[in-house]
Amino acid sequence: MGWALRTLLVSDNTSCLKDRKVGGKFIRKCAPGTELVEWLLNLSPIVHTRTQAAGMWQALLEEGVLCHVAKEQPFKDKCFLYRFKSDEDGTAGGAPTSDDVNHANEHIREALPALLHRGPDATLRMILRKPSHERTQEELELVYEELLHIAALSHLSTSIKRELASIIVFEAHAHAGTVLFNQGDEGRSWYILLKGSVDVVIHGKGTVATLKEGDDFGKLALINDAPRAATIVLKENNCHLLRVDKEHFNRILRDVEANTLRLQEHGKDVLILERVAKQRGYSAFNDTCNTMRLKFNGVCFLLLPSYDTYRNRYTVMSGTPQKMLEHLLETRLGGQAGPNDPFLDDFLLTHIVFMPTPLLIDELAANYHADADIDLRQASEEDQEYFLTSKRRVVQFIQRWVLAVRHAVFDDPLAVEFIEELATDVEAEPALQEEASIIHHVLTQLSRYQEDRQMNATQKWKLPPNGQPICLFSGNTHSKTVIRPDDDIIFRVYCADHTYCTLRFPMATTAEVIKACAADKLQIARLPEDLLLVEVKSSGERVVFKDNDVSVPTALSLNGRIFVSPKDHLDALTPLPEQELPTEAPDVDFEALSTKDVAYHMTLFDWDLFWAVHEYELLYHTFGRHHFNKVRFKHSPEGIGMLLFYEKD
């Protein structure tokens, strides 16, 4: 196209393409922008306006066909001088022949409509390359009209789009393989892809998605003020993007951004964040309560608060366990979270519902050893810093995990093995001195816990004949010792005629085993599948235990008793006579106590119950402990059943 236009210009003796002297320097075959626009208007009736003609010349300038004589200006319908690239580098050749002119005219008729179509985009790119203060009102209106057609901005108001028109920037990259930014980099801009495609690459996973024309990326790092979650690599040559820098994003978009953010890998949502309004009187306690309203599905979905008072307030609505952990490590460790952000503690206290400990440990190990297949001697400085930061965050996570969950971590052999291996790796890393101190403190806690457990190994408990609370067989009713799965407990099991047998089993024994053994001792001649293990309360209410229920004696309510019965004789079960009698209590004149004294002692009792129950107990109680194959975590004879009973009454 450039050859054809130059041929016609040179062959026209009256054309504007002439040799000129500029600043004492002789410039061959150049013309002012105004005259080139007029010539193009006269060349073809399909070019109607000066704006169209200027856009067509700008498209040729972008393609390297035309250039400003001083290489300082885009094409403007002004007196700036321009010339063809072939004249600048001396490859234009001699005067065109008549055949050249005929071929040029024929080519112009065929190619001019395509150039006319490229003109508006070239004009828009020229405007978007200008600094904000140089854009005219007419140019801002043109940019605004183009923004109306971009899907990534469709949710924004008219006023926001007009503000974006003044600050949004065009960016072009010529070669595939160019890295736009790296995982772990500071988030500095939000991008919208106008042309081409890019790959989303995550350390240890490779390419997880390909973004195409109309897609946007880079927003999450700006909203959470967190490092980049992935590396963006150009997949094609000549990619065009729109860019909004962090300063303008925070000023214009942060508070009006879309209510829902979706992260995808391989075409599927892996993390969904939703913006929520901070209401007056809202606190971390409300967030924790919301966290507990879970629908258990055994796999991956959970509602977790993910905001603080210093950032936009976004909630993790759902996601894969791996992506939620990755989001947590990138945004909630290393001092990134605000003081009122409950996301990390909520995750630590509830992960057993959707991310069992073996899976959690595997993912932590993968994050810590993200550099396992990388030759660090050849890695860039940015990559080395990213891998080092990943290691620090895993160590910090372990510290917070132990702090939040306490002995439950040390009771898990896989968790203990991982912590010990991690300690060895951290101590071998010179750059992780601070983290070595952290992991040493965790190991000290582990050692003390194991010593304490060894001292209290093979404990025996009993469920007294008059019911809860259980106590150590030694008779210490005020023990704060933890009940463990392999501890033995002695208890009674009754039948319909109120005769009973005494059994001794480990805490982790299932209801199925207990009912079979009790039926044998009580000489109930029925098959195990025809039997039920039941709690009979003093009110006469009967609660049937499931065969896979564990820690049955500790699950009894106040004044409850364990019965075994054939399924067809369930209605014959009645409370024991002593269950219907008044509960024995200290000889205290209740009327002599003031209401303040009563309230004080009730509060002390309430807190004692509360602190005696591990946080996991609420999850076991809600979803059923058989899902976790766990017995009750308890530090005193009282448990969650008594706590819930006391609160309800």
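Visitor: Leaving aside its neighbours within four places in sequence, which residues is His 173 in contact with?
Guide: This is a predicted model, so let's read it as one. His 173 lies in strand 5, residues 169–173. Setting aside neighbours within four places in sequence, the residues in contact with His 173 are Thr 178, Leu 180, Leu 234, Asn 237, Asn 238, Cys 239 and Leu 241.

Visitor: Does His 173 count as buried or exposed?
Guide: The cut-off for buried is under 20% relative accessible area. His 173 comes in at 19% relative accessibility, so it counts as buried.

Visitor: What separates the C-alpha atoms of His 173 and Cys 239?
Guide: Cys 239 is the bridge partner of His 173 in strand 12. Along the chain the two are 66 residues apart, yet their C-alpha atoms are separated by 5.3 Å.

Visitor: Over how many bridges do strand 5 and strand 12 pair?
Guide: One of the facing pairs is Ala 172, which stands opposite His 240 in strand 12. The sense of the pairing between strand 5 and strand 12 is antiparallel, and the count of bridges is 5.

Visitor: And how many bridges join strand 7 to strand 12?
Guide: Take Ser 189 as a way in: its bridge partner in strand 12 is Asp 245. Strand 7 and strand 12 run antiparallel, and the number of bridges joining them is 6.

Visitor: Which strands are the edge strands of the sheet with the order 5-12-7-10?
Guide: That sheet is an open one of 4 strands with antiparallel pairing. An edge strand here pairs on one side only, and that description goes to strand 5 and strand 10 (216–217).

Visitor: Which helix packs on that sheet, touching strand 5 and strand 12?
Guide: Look for a helix whose direction makes about 110 degrees with that of strand 5. The one that fits spans residues 98–129, and it is helix 5.

Visitor: How many of the residues of strand 12 are buried?
Guide: Strand 12 pairs with strand 5 and is joined to strand 7 as well. It is largely enclosed by the rest of the structure, because the buried share of its 7 residues is 6.

Visitor: At what angle does helix 9 run to strand 12?
Guide: Helix 9 covers residues 246–253. It lies across strand 7 and strand 12, and its angle to strand 12 is about 65 degrees.

Visitor: Which residues are buried in helix 9, and what arc do they cover around the axis?
Guide: The buried ones are His 248, Phe 249, Ile 252 and Leu 253. What covers them includes helix 7 (158–167), strand 7 (189–195), helix 8 (219–223) and strand 12 (239–245). An α-helix has 3.6 residues a turn, so residues three or four places apart point the same way. The buried residues sit on the same side of helix 9, because their arc is only 105 degrees.

Visitor: Which residues are exposed on the other side of helix 9?
Guide: We've just placed His 248, Phe 249, Ile 252 and Leu 253 as buried. Turn to the other side of the helix and the exposed residues there are Glu 247 and Arg 251.

Visitor: In the open sheet with the order 1-2-4-3, which strands stand at the edges?
Guide: This sheet has 4 strands with antiparallel pairing. Each edge strand has a single partner strand, so one side of it is left without a neighbour in the sheet; the two are strand 1 (18–22) and strand 3 (66–68).

Visitor: What is the bridge partner of His 68 in strand 4?
Guide: Strand 3 and strand 4 (residues 81–84) pair in the antiparallel sense over 3 bridges. In strand 4, the residue bridged to His 68 is Tyr 82.

Visitor: At what angle does helix 3 run to strand 3?
Guide: Helix 3 takes in residues 50–62 and lies across strand 3 and strand 4. Its angle to strand 3 is about 95 degrees.

Visitor: Are helix 13 and helix 14 roughly parallel or antiparallel to each other?
Guide: Helix 13 (residues 357–368) packs with helix 14 (residues 381–405), their axes 8 Å apart and at an angle of about 150 degrees. Residues of their contact divide into 9 nonpolar, 3 polar and 1 charged. Angles over 145 degrees count as roughly antiparallel, so the answer for helix 13 and helix 14 is roughly antiparallel.

Note on methods. Residues are numbered from 1 along each chain as its sequence is written. This is a predicted model: local features need pLDDT of at least 70, side-chain atom pairs count only at pLDDT 80 or more; totals for chains, interfaces and linings use all residues. Side-chain values use heavy atoms; hydrogens and water are left out. Axes are lines fitted to C-alpha atoms, for helices over the stretch in contact, and angles run from 0 to 180 degrees between N-to-C directions. Angles under 35 degrees count as roughly parallel, over 145 as roughly antiparallel, 65 to 115 as roughly perpendicular and the rest as oblique. Ala, Val, Leu, Ile, Met, Phe, Trp, Tyr, Cys and Pro count as nonpolar, Asp, Glu, Lys and Arg as charged, and the others, Gly among them, as polar. Buried means under 20% relative accessible area, exposed over 50%, partly exposed in between (1.4 Å probe, protein chains only). The arc is that of the directions from the helix axis to the C-beta atoms. Contact means heavy atoms within 4.5 Å. Two strands pair if DSSP finds at least two bridges between them.
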